[in-house]
Amino acid sequence: MPGMYAAGHYDLAGFAVGAAERGALLPAGVRAGDALLGLASSGVHSNGFSLVRRVVSGSGLAWRDAAPFAAGVTLAEALMTPTRLYVKQLLALHRAGLLHAAAHITGGGLPGNLPRVLPAGLDAVIDRSWTLPPVLRWLAATGGIASSEMLEVFNCGIGMVLVVPDADKAVAGLAAIGETAIPLGHIAASDGGAPVVRMTGGPDFAV
């Protein structure tokens, strides 16, 4: 993390430990035809900040300046919006038997995280049709960042991807707890190699 730690400084990190019943562990039962649903992120989600800092440095703006893409907040406040948590949503679907897998989209983006929950022989097919959040649109435009790099560095507006056997029931279950699901695509059979994310819908995100 260049520029973040000075000589003699260190990072103090914490962690949490949980427990789960063996029969309830995920991923489980992922198969071709499963639907992919996305849960929106709240912004950058603490990933890609080396690139964020480079973009801000070249933008001519100071961290304390008004964010050009969000009213009433500074650039620093907008870029450091706290990460959304998805525990309630995941538990609701899992307890209803409507969740085969879930991928938290952190550093590495969709291509780097979604394949981790897929077995060999299956790929994720995603229609790149949703709109980038304003903060990420600003980063892409100001930094001249290509869509391919945005996908590999940032969450691009999708903080969690759900692999579900019944999209309609999952969407309704999420709506019942106040969550809007974003249809992303589906799971498809592959040639048997390591899982990958196949993007459709054109070279760029809708902005």
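**Exercise 1. How many bridges join strand E1 to strand E5, and do the two run parallel or antiparallel?**

Before starting, keep in mind that this is a predicted model.

*Solution.* Step one: find E1 at residues 35–40 and E5 at residues 181–189. Step two: count the links, and you get five bridges, with the strands running antiparallel. Step three: pick one pair to check by eye. Leu36 has Gly185 in E5 as its bridge partner.

**Exercise 2. Which strand, at residues 122–127, pairs with E5?**

*Solution.* Go to residues 122–127, which form strand E3. E3 and E5 are paired over five bridges in the antiparallel sense. For a spot check, look across from Asp123: Ala188 of E5 stands opposite. While you're looking at strands, recall that side chains in a regular strand alternate between the two faces of the sheet.

**Exercise 3. Work out the element order, then decide how compact the protein is.**

*Solution.* Start with the tally: seven helices and six strands. Reading from the N terminus, the order is β-α-α-α-β-α-β-α-α-β-α-β-β. Now for the radius of gyration: it is 18 Å, and the globule rule gives 17 Å for 207 residues, so the protein is as compact as a globular protein of that length. Along the principal axes, the C-alpha atoms fill a box of roughly 50 × 40 × 35 Å. Next, filter contacts to residues at least 6 apart in sequence; 81% of those join residues at least 24 apart.

**Exercise 4. Describe the surface and the charges.**

*Solution.* Begin with burial: 38% of the 207 residues are buried. The accessible surface is about 11,000 Å², and carbon and sulfur atoms account for 57% of that. Then sort the charged side chains, which gives 13 positive and 14 negative. The centres of these two sets are 4 Å apart.

**Exercise 5. Is Asn47 buried or exposed?**

*Solution.* Locate Asn47 first: it sits in the loop between E1 and helix H1 (49–59). Its relative accessibility is 17%, and the cut-off for buried is under 20%, so Asn47 counts as buried. Finally, list its neighbours, skipping residues up to four places away in sequence: Asn47 touches Thr106, Gly107, Val153 and Phe154.

**Exercise 6. Which elements do the buried residues of H5 pack against?**

*Solution.* Take helix H5, residues 134–143, and pull out its buried residues: Val135, Leu136, Trp138, Leu139 and Ala140. Then trace their contacts, which lead to H1, helix H2 (75–79) and helix H6 (147–153). Last stop, the residue after the helix: Gly144 follows H5 and has a positive phi, near 60°.

Terms used
Residues are numbered from 1 along each chain as its sequence is written. This is a predicted model: local features need pLDDT of at least 70, side-chain atom pairs count only at pLDDT 80 or more; totals for chains, interfaces and linings use all residues. Side-chain values use heavy atoms; hydrogens and water are left out. Two strands pair if DSSP finds at least two bridges between them. Helices (H or I, at least four residues) and strands (E, at least two) are DSSP runs, numbered from the N terminus. The radius of gyration is taken over C-alpha atoms; the globule rule is 2.2 Å times the number of residues to the power 0.38. Buried means under 20% relative accessible area, exposed over 50%, partly exposed in between (1.4 Å probe, protein chains only). Contact means heavy atoms within 4.5 Å. Accessible areas come from the Shrake-Rupley method with a 1.4 Å probe; for residues, only the protein chains shown count as cover. Lys and Arg count as positive and Asp and Glu as negative; His and the chain ends are not counted. The place of a charge is taken as NZ of Lys, CZ of Arg, CG of Asp or CD of Glu.
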